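Welcome! Please take a moment to look over the sequence and the 3D view, and then we can walk through them together.

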Amino acid sequence: MALIRVPKPPKSAYDPDRPMSSLLKSQIEHLREAEGKLPLRYRSEWYIKAIRTEGEAARYIRDVTEAIHDAHADAERARRAPKRKRVIEIAAVADERYERESARRATKKRSAAKRTKRTRAKRPKK
């Protein structure tokens, strides 16, 4: 395979104080759309209408690219993390709920029985 030599770009290729080109403007628009789909904790505080120079555009592009990489890395870690089994916890909660309900029913039955005894005793005999 033939080796292709690529010359180094001239130092004037990047000027942080130069006004940004239409290509950079469109890239920033696309990155803004991608950033809008990220969870809130990964979004930047940049106002893209205020970006005027190549240096500002480069900083914004770097920030958003890092945020996208961080979001994907965190999602990957969450997918690979071992899942906790909650069967025992759910069963314990269901058990407690059953005990509370049965205690409440028993209290209702006792109070209903007391009421019927009182009402029977108060009725005059015919």
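Does Glu35 count as buried or exposed, and at what relative accessibility? Glu35 counts as buried, because its relative accessibility is 1%, under the 20% limit for that class. Please keep in mind throughout that this is a predicted model.

**The overall picture**

Before going further with that residue, here is the general layout. The protein has three helices and zero strands, and its elements follow the order α-α-α from the N terminus on. Of its 126 residues, 13% count as buried. The protein exposes about 11,700 Å², and carbon and sulfur atoms supply 57% of that area. Looking at contacts between residues at least 6 apart in sequence, 66% of them join residues at least 24 apart.

**Around Glu35**

Back to our starting point: Glu35 is found in helix H1. Which residues does Glu35 contact, leaving aside its neighbours within four places in sequence? They are Arg43, Ser44, Tyr60 and Val64.

Glu35 also has a charged partner in its own helix. Side chains of opposite charge can pair when their charged atoms come close. Here, the side chain of Glu35 meets that of Arg32 in a salt bridge, with 2.9 Å from N to O. Both residues lie in helix H1, three residues apart, which is about one turn of the helix. The two partners can be told apart by their exposure: Glu35 is buried, with a relative accessible area of 1%, whereas Arg32 is partly exposed, with a relative accessible area of 35%.

**An aromatic pair**

Tyr60, one of the contacts of Glu35, brings us to the rings. A pair of aromatic rings is described by the distance of the centres and the angle of the planes. The count for this structure comes to one aromatic pair. Trp46 and Tyr60 form that pair, with 5.7 Å centre to centre and 70 degrees between the planes, an edge-to-face arrangement. The pair links distant parts of the chain, 14 residues apart: Trp46 sits in the loop between helix H1 (22-36) and helix H2 (54-80), and Tyr60 sits in helix H2. Trp46 counts as partly exposed because its relative accessibility is 24%, between the limits of 20% and 50%. Tyr60, by contrast, is buried, with a relative accessible area of 0%.

**Salt bridges in helix H2**

How many salt bridges does a search of the whole structure find? The search finds six. The table lists three of them, including the one in helix H1 that we have already met.

| Side chains | N to O distance |
|---|---|
| Glu35 and Arg32 | 2.9 Å |
| Glu76 and Arg79 | 2.6 Å |
| Arg80 and Glu76 | 2.4 Å |

Glu76 appears in two of these rows, and Glu76, Arg79 and Arg80 are linked in a network of salt bridges. Glu76 and Arg79 both lie in helix H2, three residues apart, or about one turn of the helix. Arg80 and Glu76 are separated by about one helical turn because they are four residues apart in helix H2.

How open to the surroundings are these three residues? Glu76 is partly exposed, with a relative accessible area of 27%. Arg79 counts as exposed at 55% relative accessibility, and Arg80 is exposed too, with a relative accessible area of 67%.

How values were computed
Residues are numbered from 1 along each chain as its sequence is written. This is a predicted model: local features need pLDDT of at least 70, side-chain atom pairs count only at pLDDT 80 or more; totals for chains, interfaces and linings use all residues. Side-chain values use heavy atoms; hydrogens and water are left out. Rings of Phe, Tyr and Trp (its six-membered ring) pair if their centres lie within 6.5 Å; planes under 30 degrees apart count as stacked, over 60 as edge-to-face and the rest as tilted. Helices (H or I, at least four residues) and strands (E, at least two) are DSSP runs, numbered from the N terminus. Buried means under 20% relative accessible area, exposed over 50%, partly exposed in between (1.4 Å probe, protein chains only). Contact means heavy atoms within 4.5 Å. Accessible areas come from the Shrake-Rupley method with a 1.4 Å probe; for residues, only the protein chains shown count as cover. A salt bridge is a side-chain nitrogen of Lys or Arg within 4 Å of a carboxyl oxygen of Asp or Glu.
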